[in-house]
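Please look over the sequence and the model below before reading on. The briefing is written for a reader who meets this structure for the first time.

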Amino acid sequence: MVVIMKPQFTQQQLETAIREMEAAGVKVMVSKGSETTILGAEGNASRIDQEKMEQLPGVDRVMRVSEPYKMANRKYHPDDTVIPLPGGRTIGGKKLAVIAGPCSVETEEQICQVARRVKAAGVTALRGGAFKPRTSPYSFQGLECRGLELLALAREETGLPVVTEIMGTEYIDLFEEQVDVIQVGARNMQNFDLLKQLGRHTTKPILLKRGLSATVEEWLMSAEYIMASGNPNVILCERGIRTFETFTRNTLDLSAVLAVKRQSHLPVVVDPSHACGKAWMVERMSLAAVAAGADGLLIEVHNDPEHAWCDGAQSITPDQLDELMPRLAALAACVDREL
Ligand code: PEP
Ligand code: MN
């Protein structure tokens, strides 16, 4: 960070600005030019309050020269992070991960049937929402704790790790016992208390979805919250952002996959289902995501999409997943990945 002083600053104002920076733990280098005096922060400037600095008398403006996220930053951790899952599975690295399953857990028969089919297709993990963040309070809210029990049954039957969304800090202990990957949904990406508590109270992998209108930097800062609180196991998930376009449910931002992989060492998966909202787009967008460098996919699969309790229009069938998997494998080979 550099602090640029106003042309007519006083010695006292300069000293106040330096003291403020030093109090945040950095060394200050003063560069006095004929017209401009600049204070450069040497060390970790992330504790300097930029807004407060800008309000100090004698300070003209403050410019950041490095990213505010440190633990998620590729600069300090050049190698790709590979997140281990139970059973020797991984997310990140050369092998692509596919997480598949219904939007929400409905019945024992439904989740176990889908679980058997996605397992046979060769996926990495099973998804299924037990706690659902719905726009309307009158919509199906998920089976909640019963949903977690049914996911545990499906895991027992198939051996697949389960991925499901957490909605509040009060469920962390329960998820710690029953869930393999804890999903933080788009709407909770900036629920900072939840992020902090997930950092403090678990080391289970956290699948952090991008917020509906979050910038890449905001998304990485949310990952930083979890990591700085003690849990380094974060998987990012691009799930489409809100734009002016209404044809698709959201707009899949594949350039964000490249941006995030350049800025961060964390694995990134793409959710084409929530991004597009249309089952017929899922195959092509999955292939596009892999071509763009995604480390995996999160895909909604339902045994009977027409009668799904949630998100049926964007859910592919197990048969369609069976067709998609070998196509993904063929494409993976072109981009030096494997399935
Ligand atoms: C989901 O994955 O079921 C979900 C609700 O996703 P998002 O948070 O991306 O809307
Ligand atoms: Mn859904």
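The notes that follow take up a metal site, two pockets and a few single residues in turn.

This is a predicted model, and every value given here should be read with that in mind. The manganese ion (ligand 2) has four named protein donors, C103, H274, E300 and D311, while the largest pocket holds about 480 Å³ of space and the second largest pocket about 280 Å³.

**The manganese site**

- The manganese ion (ligand 2) is held in the model by C103 through SG, H274 through NE2, E300 through OE and D311 through OD, and these protein donors lie 2.0 to 2.4 Å from the ion.
- Read along the chain, the donors of the manganese ion (ligand 2) follow the spacing C-x170-H-x25-E-x10-D, and the pair H274 and D311, 37 residues apart, links distant parts of the chain.
- Of that pair, H274 sits in helix 9 (residues 272-276), whereas D311 belongs to the loop between strand 14 (296-300) and helix 11 (318-334).
- Both H274 and D311 are buried.

**Q314 and its contacts with two of the donors**

- Q314 is placed in the loop between strand 14 and helix 11, and because its relative accessible area is 2%, under the 20% cut-off, Q314 counts as buried.
- The side chain of Q314 makes a polar contact of 2.7 Å with the side chain of E300, and a polar contact of 3.1 Å joins the side chain of Q314 to that of D311.
- Both partners of Q314 in these contacts, E300 and D311, are also listed among the donors of the manganese ion (ligand 2).

**The two pockets**

- The largest pocket, with about 480 Å³ of space, is lined by 16 residues, of which S46, P68, M221, E224 and A228 are the closest to its centre.
- Helix 7 (residues 216-228) gives the largest share of the lining of the largest pocket, namely seven residues.
- Domain 1 (2-63) and domain 2 (83-334) each contribute at least three residues to the lining of the largest pocket, and by class this lining is made up of six nonpolar, five polar and five charged residues.
- The second largest pocket has a volume of about 280 Å³, and of the 14 residues that line it, M1, S46, I48, Q50 and R64 are the closest to its centre.
- Six charged, five nonpolar and three polar residues make up the lining of the second largest pocket.
- S46 is named among the residues closest to the centre of the largest pocket, and S46 is likewise named for the second largest pocket.

**Single residues with a notable backbone or placement**

- E144, in the loop between strand 8 (125-127) and helix 4 (145-158), has a phi near 55°, a positive value in a residue other than glycine.
- With a relative accessible area of 37%, E144 is partly exposed, because this value falls between the 20% and 50% cut-offs.
- D336, in the segment after helix 11, is a residue other than glycine that also has a positive phi, near 60°.
- D336 counts as exposed because its relative accessibility of 56% is over 50%.
- D180 lies in the loop between helix 5 (172-178) and strand 10 (181-184), and D180 counts as buried because its relative accessibility of 10% is under 20%.
- Although D180 and P161 are 19 residues apart along the chain, their C-alpha atoms are separated by 5.6 Å.

Key
Residues numbered from 1 in each chain as written. Chains lettered and ligands numbered in written order. Predicted model: local features only at pLDDT ≥ 70, side-chain atom pairs only at ≥ 80, totals over all residues. Heavy atoms only, no water. 1 Å grid on protein atoms, 1.4 Å probe; cavity = no way out; pocket = protein on both sides within 12 Å on 5 of 7 lines; lining within 4 Å. Points joined across faces, edges and corners; volume = space filled by probe spheres on them. Helix = DSSP H or I, 4+ residues; strand = E, 2+ residues; numbered from the N terminus. Nonpolar A, V, L, I, M, F, W, Y, C, P; charged D, E, K, R; others polar. Domains from an automatic or database assignment. Donors = N, O, S within 2.8 Å, 3.2 Å for Na, K, Ca; no water. Buried < 20%, exposed > 50% of the residue type's maximum accessible area, 1.4 Å probe, protein only. Polar contact = N/O pair within 3.5 Å; in protein donor to acceptor, adjacent residues only side chain to side chain.
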